[in-house]
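Visitor: I am new to this structure and would like a close look at a single part. Could you take me slowly through the place where the metal is held?

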Amino acid sequence: MFLTNLQTQEEMCVEKYRYYAGQAKDEDLKDLFTRIGKNEKKHYDALGQLMQGKIPSVSAQDTAADTYESVGKYAKGGRAADKKHDAFLCTDSITTEKYVASAYNNDLFHFASPELRSVLNSIQTEEQNHAELIYKYKTANEMC
Ligand SMILES: [Fe+2]
Ligand SMILES: [Fe+2]
């Protein structure tokens, strides 16, 4: 049941990032949302495998934020309305990531299998990475 709930949450994340990639005004942010959305789809698939008793390989390396850099177009000034609009999408996404990461953290304790816990742990790290990527975008674009 926990896995089903987590998977429903991932499905929502996939939809949300697809929608936000369409809504974002800045190309750089569209790309970031698309990138994260693809990763949410991986989470969705990984949970599906877990439900079938398989152990998928999830590496949090894919989403490591240390190599990410935004062009930071909004930092150059102008386009105030677009900037405000995109800042809202970022803040909302970070809030979702915090919520999802805490759901993984809570649900982790219900599972006895160390392999399964390790997969959920990696996914949780990736959710934190998603928030960090968006936070880096916001900082580069002086949205904070
Ligand atoms: Fe996810
Ligand atoms: Fe996420």
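Guide: Here is a walk through the metal site, one ion at a time. This is a predicted model, in which local features need pLDDT of at least 70, side-chain atom pairs count only at pLDDT 80 or more, and totals for chains, interfaces and linings use all residues. Residues are numbered from 1 along each chain as its sequence is written, chains are lettered from A and ligands numbered from 1 in the order in which they are written, and side-chain values use heavy atoms, with hydrogens and water left out.

Let's begin with the iron ion (ligand 1). Glu-10 (OE), Glu-10 (OE), Glu-40 (OE), His-43 (ND1) and Glu-127 (OE) coordinate this ion at 1.9 to 2.4 Å. Donors here are N, O and S atoms within 2.8 Å of the metal (3.2 Å for Na, K and Ca); water is not among the atoms, so sites may look incomplete. Along the sequence, the donor residues of ligand 1 are spaced E-x29-E-x2-H-x83-E. Distant parts of the chain are linked here: Glu-10 sits in helix α1 (residues 2–23) and Glu-40 in helix α2 (residues 27–51), 30 residues apart. Helices are DSSP runs (H or I, at least four residues), numbered from the N terminus. Glu-10 is buried, at a relative accessible area of 1%, and Glu-40 is buried at 0%; buried means under 20% relative accessible area (1.4 Å probe, protein chains only).

Glu-40 also leads us onward, as it bridges the iron ion (ligand 1) and the iron ion (ligand 2), which lie 3.8 Å apart. For ligand 2, the protein donors are Glu-40 (OE), Glu-97 (OE), Glu-97 (OE), Glu-127 (OE) and His-130 (ND1), 2.0 to 2.3 Å from the ion.

Note on methods. Helices (H or I, at least four residues) and strands (E, at least two) are DSSP runs, numbered from the N terminus. Buried means under 20% relative accessible area, exposed over 50%, partly exposed in between (1.4 Å probe, protein chains only).
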